[in-house]
Amino acid sequence: NYDSDISKGNQYRLIYEKLNLPQLCPTNDMCAENFLANLLRRRGYVFERKSALDSKHKRAIQPFELQGYSVDLISAVGNNDMACLSELCNSQQHILACNRFGESTLHMAARKSHYQVVQLILRSEASPLMIDDYGRSPLSDAMWAVSPSFNIINLLMVTSLDLLFLADVRGFTPLNYVRREHVFKICL
């Protein structure tokens, strides 16, 4: 445990020193991606970014995914309404739907930190992981959440660890979307 009196910058420095990692960030702020890259490098691995738009998760949007993107479904996902979503699943309706930009209900559930919804979508859909037209995955949204669910982050990485290395059109991986106030928790 780190004393709350120690500044965040000093906490980051202590972690880098404890793990014997070189600090690549020019400021006292720690970058989650740099932290992972340094840790992997130290263990003999390479952090290699790959284009999300060229990955296996960037696929054509299916007509049923666009048609299913209804107000009722979006409301159920947004409100974490498990009763409604379970009923939709039981009636053989897809709960994975997306808008024309490829942002799916899984992206939304991850961004809103709705663990049970993410679990249900991953369990009930054949190909739930999608990349939107900007190159963001549900893991990007999970990392960017106002209150990230580390259970969701873990679940998505267990489902497909390569999501961690996929860069969007700006060159950002999901770790670049971690909010400053959550970097310390993500890296531990």
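Biologist: Why is Arg111 called partly exposed?

Modeller: In this predicted model, Arg111 has 24% relative accessibility. Buried means under 20% and exposed means over 50%, so Arg111 counts as partly exposed.

Biologist: What makes Arg111 and Asp141 a salt bridge?

Modeller: The closest N and O atoms of Arg111 and Asp141 are 3.1 Å apart. The cut-off is within 4 Å, so the two form a salt bridge. The pair links distant parts of the chain, with Arg111 in helix α6 and Asp141 in helix α8, 30 residues apart.

Biologist: And is Asp141 buried or exposed?

Modeller: Asp141 has 6% relative accessibility. Buried means under 20%, so Asp141 counts as buried.

Biologist: Nice! How do you know that Glu33 and Arg49 form a salt bridge?

Modeller: The same kind of check works here. Their closest N and O atoms are 2.5 Å apart, and a salt bridge needs them within 4 Å. Glu33 is in helix α2, while Arg49 is in the loop between α2 and β1. At 8% relative accessibility, Glu33 counts as buried, whereas Arg49, at 39%, counts as partly exposed.

Biologist: Let's turn to rings. Why is the pair of Phe172 and Tyr177 called edge-to-face?

Modeller: Their ring centres are 5.9 Å apart, and rings pair if their centres lie within 6.5 Å. Their planes are at 70°, and planes over 60 degrees apart count as edge-to-face, so the name fits this pair.

Biologist: What makes the charged end of Arg179 sit over the ring of Trp144?

Modeller: The charged end of Arg179 is 5.2 Å from the centre of that ring. The distance cut-off is within 6 Å, and the charged end sits over the ring.

Key. Residues are numbered from 1 along each chain as its sequence is written. This is a predicted model: local features need pLDDT of at least 70, side-chain atom pairs count only at pLDDT 80 or more; totals for chains, interfaces and linings use all residues. Side-chain values use heavy atoms; hydrogens and water are left out. Rings of Phe, Tyr and Trp (its six-membered ring) pair if their centres lie within 6.5 Å; planes under 30 degrees apart count as stacked, over 60 as edge-to-face and the rest as tilted. A charge sits over a ring if NZ of Lys or CZ of Arg is within 6 Å of the ring centre and within 35 degrees of the ring normal. A salt bridge is a side-chain nitrogen of Lys or Arg within 4 Å of a carboxyl oxygen of Asp or Glu. Helices (H or I, at least four residues) and strands (E, at least two) are DSSP runs, numbered from the N terminus. Buried means under 20% relative accessible area, exposed over 50%, partly exposed in between (1.4 Å probe, protein chains only).
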